[in-house]
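Please look through the sequence and the model below before reading on. The report after them goes from the interior to the metal site, and then to the aromatic pairs and the backbone.

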Amino acid sequence: MRRKSVYLILLFALAACQPSADVPEAVAVTPTVPTVVAEVATMVPTANPIASRTATLPPTATYTPTSTDTPTLTPTPTLTPSVTFTPSLTFTATLSPTPRTIPSATPGAAVDENGTPIPTWTAPPPEPATEIDDHYHFSRPIGENGVNYIARTYPYGSGAGGLQTHLGVDLENPSGTPILAVGDGVVYYAGEDTSTQFGPSTSYYGNLVVIQHSVNASNGQPVFSLYGHMQRVDVQTGQAVKRGDKIGIVGGTGVAFGPHLHLEIRVGDPHSYQDTRNPELWIFPYRTFGTLVGRVTDANGTVLYDAPIQVKSADIARYTYTYADDLVNPDDTFGENFTLGDLPANYYEVSVTEGGRVRFRKTIYIYPDRSTWIDIQLK
Ligand SMILES: [Zn+2]
């Protein structure tokens, strides 16, 4: 309705505007209806669709192995245990101490000159098969509170330090110390030796007592004990005495350096200065003590005189000398040329050194309550 109205208006306007001079008669006009064309939009594709753009990557670098590369390892075979260990014992510690046993000679220990290991234990070895024919018939000659150890500075048979060869042993005690009979017997002589000689000269022993004992020596001869330098004699010639009877007191009469008892053992003639024996082989050792007795010879078996002998244990060190070549008699049983008494039973290293050179060295055991023999032959 509305469009039809517009068209009508337009027609009337056009008619009004026509020049009047030639104005044709009004003609009927048929209105032209404009054709309407439908507009259809055409879609234009956009450029570079993303979907089509697939990037092509450049090839990566080629890997070249170098000489330092680790070679490829071949796996080792896997071991399979074939035995399974099952503990069969249960260890239970026992803490109670076991008794200490005496060790035997230790391998690698010090050896003596014969290659025998030097024992380091203190238990005694078994008694030796060789029999020792001791004749310890006598006891100590000094009474109570006196010194019954034999002086080691001047042993029997020694002539050390330029002294006269000693044919007895000394027991150093102050004047007045009781002197006892060493064994049973009869007083052979009692008094001064001013007119009766017993030594190298008269007036040598001063006041002395000589006892003849009731035992004889192994050679059958009579045995005497002699006590010299006494301050006082308490027995008379011919008097019977028992072991331990007091026969006098210590002094320094005769040829003596200070008070001491000089004790001798004589076998045979009681007056003979040349019939002495070593008292250490006649007086019983202290209990658990022993006496070392032996002989020192050279390579040819010749007896050596005045040779110094060292005797050492872990506890003590002592020395002695072989007998001098002068009036000294070896024992009729032993034939020794030295003794060293009053040694506590123990192991001892016995050595002989000459001019600073060790000529002999051996470790031996000194048995208690008896003698122990050693043969020393120098190389
Ligand atoms: Zn003497």
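What follows is a short report on the packing, the zinc site, the ring pairs and two backbone positions.

This is a predicted model, in which local features need pLDDT of at least 70 and side-chain atom pairs count only at pLDDT 80 or more, while totals for chains, interfaces and linings use all residues. Residues are numbered from 1 along each chain as its sequence is written, and side-chain values use heavy atoms, with hydrogens and water left out.

**Nonpolar cores**

A nonpolar core is taken here as a set of buried Ala, Val, Leu, Ile, Met, Phe, Trp, Tyr and Cys residues joined through side-chain atoms within 4.5 Å; buried means under 20% relative accessible area, exposed over 50%, and partly exposed in between, with a 1.4 Å probe and protein chains only. The largest such core has 43 residues, of which Val209, Ile211, Tyr227, Ile247 and Trp282 touch the most other members. Two or more residues each come from β1 (169–171), β3 (185–192), β4 (207–216), β5 (222–233), β7 (246–250) and β8 (261–267), and β5 gives the largest share, 5 residues. Strands here are DSSP runs (E, at least two residues), as helices are (H or I, at least four), numbered from the N terminus. Because domain 1 (110–135 + 285–379) and domain 2 (137–283) both give residues to this core, it lies between them; the domain bounds come from an automatic or database domain assignment.

Valine 209 has contacts (heavy atoms within 4.5 Å) that include Val187, Tyr189, Leu226, Tyr227, Met230 and Ile247, residues up to four places away in sequence not being counted. A second, separate core of 16 residues includes Val352, Ile366, Ile374 and Ile376.

**Zinc site**

Donors are N, O and S atoms within 2.8 Å of the metal (3.2 Å for Na, K and Ca), and water is not among the atoms, so sites may look incomplete. The protein donors of the zinc ion are His166 (NE2), Asp170 (OD) and His262 (ND1), at 2.0 to 2.1 Å from the ion, and their spacing in sequence is H-x3-D-x91-H. Two of these donors link distant parts of the chain, since aspartate 170 is in strand β1 and histidine 262 in strand β8, 92 residues apart. Aspartate 170 and histidine 262 are both buried.

**Aromatic pairs**

Rings of Phe, Tyr and Trp (its six-membered ring) pair if their centres lie within 6.5 Å, and planes under 30 degrees apart count as stacked, over 60 as edge-to-face and the rest as tilted. By this rule there are 12 aromatic pairs, and two edge-to-face examples are tabulated.

| Pair | Centre distance | Plane angle |
|---|---|---|
| Tyr136 and Phe284 | 5.6 Å | 70 degrees |
| Tyr204 and Tyr273 | 6.1 Å | 80 degrees |

Tyrosine 136 and phenylalanine 284 are 148 residues apart; tyrosine 136 is buried at 11% relative accessible area, whereas phenylalanine 284 is partly exposed at 38%. Tyrosine 204 lies in the loop between β3 and β4 and tyrosine 273 in the loop between β8 and β9, so that pair ties together parts 69 residues apart in sequence.

Ring pairs also link Tyr149, Tyr286 and Phe289 into a cluster.

**Backbone**

Threonine 288, in the loop between β9 and β10, has a positive phi of about 70 degrees although it is not a glycine. Aspartate 369, in the loop between β15 (357–366) and β16 (371–377), has a positive phi of about 60 degrees, and it too is not a glycine.
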